[in-house]
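Here are a few notes to read with the model open beside you. Take them one at a time and find each residue as you go.

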Amino acid sequence: MKFFSTKELINEALEPVWGLLSEVIPVTHEISHEMVHEVRVSIKRSLARVKLIDALVGLPLDKVKLVPYLKLLSHLLSARRDRDVLLPLLDSIMQDNSNNDIKLLLMHTVKLITARSEQQKLDINAIKKICHNIQNDYQQLPDKDIAVKSIHVYVKDKLAKICKQGTRVFKKNDLEKLHKWRKKVKYLYFQNEIISGADNKSLLPANIFEKLGKTLGEVNDMHVLKQWVQQQAGTDQASENTKTYDEIYRLFDNKIKHLLKHCRELWLHACLE
């Protein structure tokens with residue numbers, strides 16, 4: 001029977017965090033957009049593995065603050081997320097639209113997002129401190145053996161539950177619940193990675209789950225972008241812009257509707273697999 005070391009599983013997931021601490025910050029004192037993305041994915045992968053390990057063999061999460069520290073690091077790194085994700089999305093929308101009134105208002109949205117980003121610069125010292133805390137708490141974790149077979153059972157059970165939840169979520173089209181469910185899909189995807197890496201026998205149609213997670217993320221980004229424009233409209237005193245804002249909302253809603261349709265198709269395909 002194959003076994004994993006629980007600390008090795010977590011250590012492997014945290015490698016980008018260790019790289020940030022030992023190589024990036026000491027050398028450049030800056031963190032690139034690519035590195036931010038890599039570390040944020042690493043955090044999600046780590047949280048997914050910690051959740052799985054705790055469910056199967058138990059971890060002293062009441063004594064160490066590894067999970068809160070990981071979530072805090074993710075929060076600190078999200079300072080530039082709106083700029084890095086939403087600005088390219090806005091640029092794509094404006095290029096595909098010929099309405100100059102819409103473009104003008106969305107250009108103002110670009111300025112708002114950019115200004116907010118400038119106010120929320122990455123706090124390198126705080127990030128470095130949290131990385132040290134993560135490292136210290138990781139070292140305090142006990143090392144246990146975990147059977148690949150037990151991971152198979154866990155992932156299979158979670159897949160069945162997520163299938164049921166997904167059916168309900170897609171029927172209601174509640175974007176907030178869909179966003180929460182998306183996180184569970186991502187966790188399951190990362191947990192399944194352990195199995196596929198061990199014996200190349202994935203329990204999930206991994207390529208479909210990866211596309212589903214990405215498309216659900218695009219739905220959430222479009223929803224966040226709409227909220228930015230709604231906030232902008234709330235402070236816009238020019239009554240002649242009301243009609244244009246309504247057109248922008250319809251544009252966003254249509255894009256969300258199209259993305260959700262694609263998500264349903266992927267989900268049905270995943271369930272049939």
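Which residues form one aromatic cluster? They are Phe170, Trp181, Phe209 and Trp267. Keep in mind that this is a predicted model, then work through the points below.

1. Start with the aromatic pairs, of which the structure holds 5. In one of them, the ring centres of Trp181 and Trp267 are 4.9 Å apart with the planes at 90°, so this pair counts as edge-to-face. Trp181 belongs to helix H9 (residues 175–199) and Trp267 to helix H11 (residues 242–272), so the pair ties together parts that lie 86 residues apart in sequence. Both Trp181 and Trp267 are buried.

2. Stay with Trp267, as it also forms an aromatic pair with Phe209. This pair is edge-to-face too, at 6.2 Å centre to centre and with 65° between the planes. Here Phe209 sits in helix H10 and Trp267 in helix H11, so parts 58 residues apart in sequence are tied together. As for burial, Phe209 has a relative accessible area of 2%, and Trp267 has one of 3%. Buried means under 20%, so Phe209 and Trp267 both qualify.

3. Now look along helix H10 (residues 206–235) for Lys226. Is Lys226 buried or exposed? It's buried, because its relative accessible area is 16% and the cut-off is under 20%. Leaving out residues up to four places away in sequence, Lys226 touches Tyr249, Phe252 and Asp253.

4. Next, try a bit of arithmetic on helix H6, which covers residues 100–119. At 1.5 Å a residue, its 20 residues should span 28 Å, and the C-alpha atoms at its ends are 29 Å apart, which agrees. At the start of H6, a side-chain oxygen of Asn99 comes to within 2.9 Å of the backbone nitrogen of Asp101.

5. Which residues of H6 are buried? You should find Ile102, Leu105, Leu106, Thr109, Val110, Ile113 and Ser117. They cover an arc of only 160° around the axis, so they sit on the same side of H6. Turn the helix around and, on the other side, Asn100, Leu104, Lys111 and Gln119 are exposed.

6. One last thing to find is a lysine over a ring: Lys7 lies over the face of Tyr138, at 4.6 Å from the ring centre.

Key. Residues numbered from 1 in each chain as written. Predicted model: local features only at pLDDT ≥ 70, side-chain atom pairs only at ≥ 80, totals over all residues. Heavy atoms only, no water. Helix = DSSP H or I, 4+ residues; strand = E, 2+ residues; numbered from the N terminus. Expected span 1.5 Å × (residues − 1). Buried < 20%, exposed > 50% of the residue type's maximum accessible area, 1.4 Å probe, protein only. Arc of directions from axis to C-beta. Polar contact = N/O pair within 3.5 Å; in protein donor to acceptor, adjacent residues only side chain to side chain. Contact = heavy atoms within 4.5 Å. Phe/Tyr/Trp six-rings, centres within 6.5 Å; stacked < 30°, edge-to-face > 60°. Lys NZ or Arg CZ within 6 Å of the ring centre and 35° of its normal.
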